[in-house]
Amino acid sequence: MTELNFSLAAARALHLAAQGLLQPRRRKAQKADVLEIIRGMGVLQIDTIHVVARSPYLVLWSRLGDYPQPWLEEHLAEGALFEYWAHEACFVPIEDYRLLRHRMVDPSAMGWKYSVQWMKERRADVDRVLQHIRSNGPVRSADFERTDGKGGGWWEWKPEKRSLEVLFTAGELMIARRHNFQRVYDLAERVLPGWDDSQMPDMDETRRELALKSVRALGLARSAWVADYYRTKPPRPDLEALADEGLLLRARVDGWKDPVYIHHELADLAQAAADGSLSPTLTTILSPFDPVVWDRRRAVDLFGFDYRLECYTPAEKRRYGYFTLPILRRGALVGRIDAKAHRRGGIFELKNLVLEPGARVTDRFVRDVAGAVQRLASWHACPQVQVQASEPPEFAATLQAELDAQGVEQ
């Protein structure tokens, strides 16, 4: 296959196709589609903020449309998925346990995710928690009563919670299921009884496989993007060597000096993108923890979209809002919304909607954005959308009018 050359628009199309975001789905989602989507992405990042839907549910909705949220937890409880530190805390297909097992075997290399000091100073307490689970079965952190009057982040977790988390990072415990989105911890040998560490590939093979999975999930990748996907540490595989083996294809993107790499299984899709026959038609709303935007540098490279989640920024320093959701429209990231679902009142509030500079506000643009917002609101059981503010300021009234018109038509 000769080296392909992509326009930036074609590179975006290939990326979105690999991520399941090229075109709207033509059929109603089935439970198996949830697993298929996660396998395509490789990982589904977990976050608990829920001013709108919690992130993993929203990432799936962006690709599947309406679907029953319990399907995700059902796949976890049935053993098709497991939880571990991949990009960050993620749901991961169970067949990839073998690729992350090395991290569990050497948890001290996991940084803040594992406290060597806690294990050293509180080993007896940790062992008691482990023995409790061995004797009494799976537990939640909530099953242990707090006695110190504190609460908050890692540094103020109750002792049993800290012990559960270090045992989880060390692979001694796994997440058997979730109950009201709370983790239920059990012994790894009960959750995954057939596992033996002899099934674990060596580190060189692990690095190779994770690099290949990253490139496949991204559709096409600059070498600088690859390590972030699974947060892999040096030494990293030589992508040029993988290309020499035929596992990756080399390509070029107009205006970029360095090559991009494409998984060999995506050769036909890549050719279609280079030929201009991949047409992004999906308009949807993305989670801040969607793979398309979680790497700020990559979002700038591909979409010219400088995205930073501001929920960890002091309120007075926020530019866009607490939990802004990127708007994907027909292959471009065209804006972001600061939204809140008021479930009791059935209202989906757009506190602010900021369009990207240069966004062309046509009638079709307004219909597309309104349709995506309304679908998201309805999925939240908040059918009434209220637009409070926008940049440019006049867009709020334009969008509200279209939302009202679409509501009447329904």
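The secondary structure of the protein comprises 16 helices and 14 strands. The radius of gyration is 22 Å, close to the 22 Å that the globule rule gives for 410 residues, so the protein is as compact as a globular protein of that length. The model is a predicted one. Along the principal axes, the C-alpha atoms fill a box of roughly 65 × 60 × 40 Å.

Two helix pairs were examined for packing geometry. The first pair joins helix α2, residues 31-41, to helix α4, residues 70-77. Their axes lie 9 Å apart and meet at an angle of about 75 degrees. Angles of 65 to 115 degrees count as roughly perpendicular, so α2 is roughly perpendicular to α4. On the α2 side, the contact is made by Lys31, Val34, Leu35 and Ile38. On the α4 side, Trp71, Leu72, Glu74 and His75 take part. By class, the residues of this contact divide into 5 nonpolar, 1 polar and 2 charged. Val34, Leu35 and Ile38 of α2 count as nonpolar, as do Trp71 and Leu72 of α4. The charged residues are Lys31 of α2 and Glu74 of α4. His75 of α4 is the polar one.

The second pair consists of helix α7, residues 123-136, and helix α8, residues 159-169. Here the packing angle is about 80 degrees, and the axes are 9 Å apart. That value makes α7 roughly perpendicular to α8. Helix α7 contributes Asp125, Val126, Val129, Leu130 and Ile133 to the contact. Helix α8 contributes Glu160, Ser163, Leu164, Val166 and Leu167. The contact residues of α7 with α8 divide into 7 nonpolar, 1 polar and 2 charged. Asp125 of α7 and Glu160 of α8 are the charged residues. Ser163 of α8 is the polar residue.

The second largest pocket was also characterised. The space in this pocket amounts to about 440 Å³. Its lining is made up of 20 residues. Arg103, Met110, Arg231, Thr232 and Lys233 lie nearest the centre of the pocket. Two or more lining residues are given by each of α5 (97-105) and α10 (203-218). The largest share, 4 residues, comes from α10. In composition, the lining divides into 8 nonpolar, 5 polar and 7 charged residues. Among the residues nearest the centre, Arg103, Arg231 and Lys233 count as charged. Met110 is nonpolar and Thr232 is polar.

Terms used: Residues numbered from 1 in each chain as written. Predicted model: local features only at pLDDT ≥ 70, side-chain atom pairs only at ≥ 80, totals over all residues. Heavy atoms only, no water. Axes fitted to C-alpha atoms, helices over the stretch in contact; angles between N-to-C directions. Parallel < 35°, antiparallel > 145°, perpendicular 65-115°, else oblique. Contact = heavy atoms within 4.5 Å. 1 Å grid on protein atoms, 1.4 Å probe; cavity = no way out; pocket = protein on both sides within 12 Å on 5 of 7 lines; lining within 4 Å. Points joined across faces, edges and corners; volume = space filled by probe spheres on them. Rg over C-alpha atoms; globule rule 2.2 N^0.38 Å.
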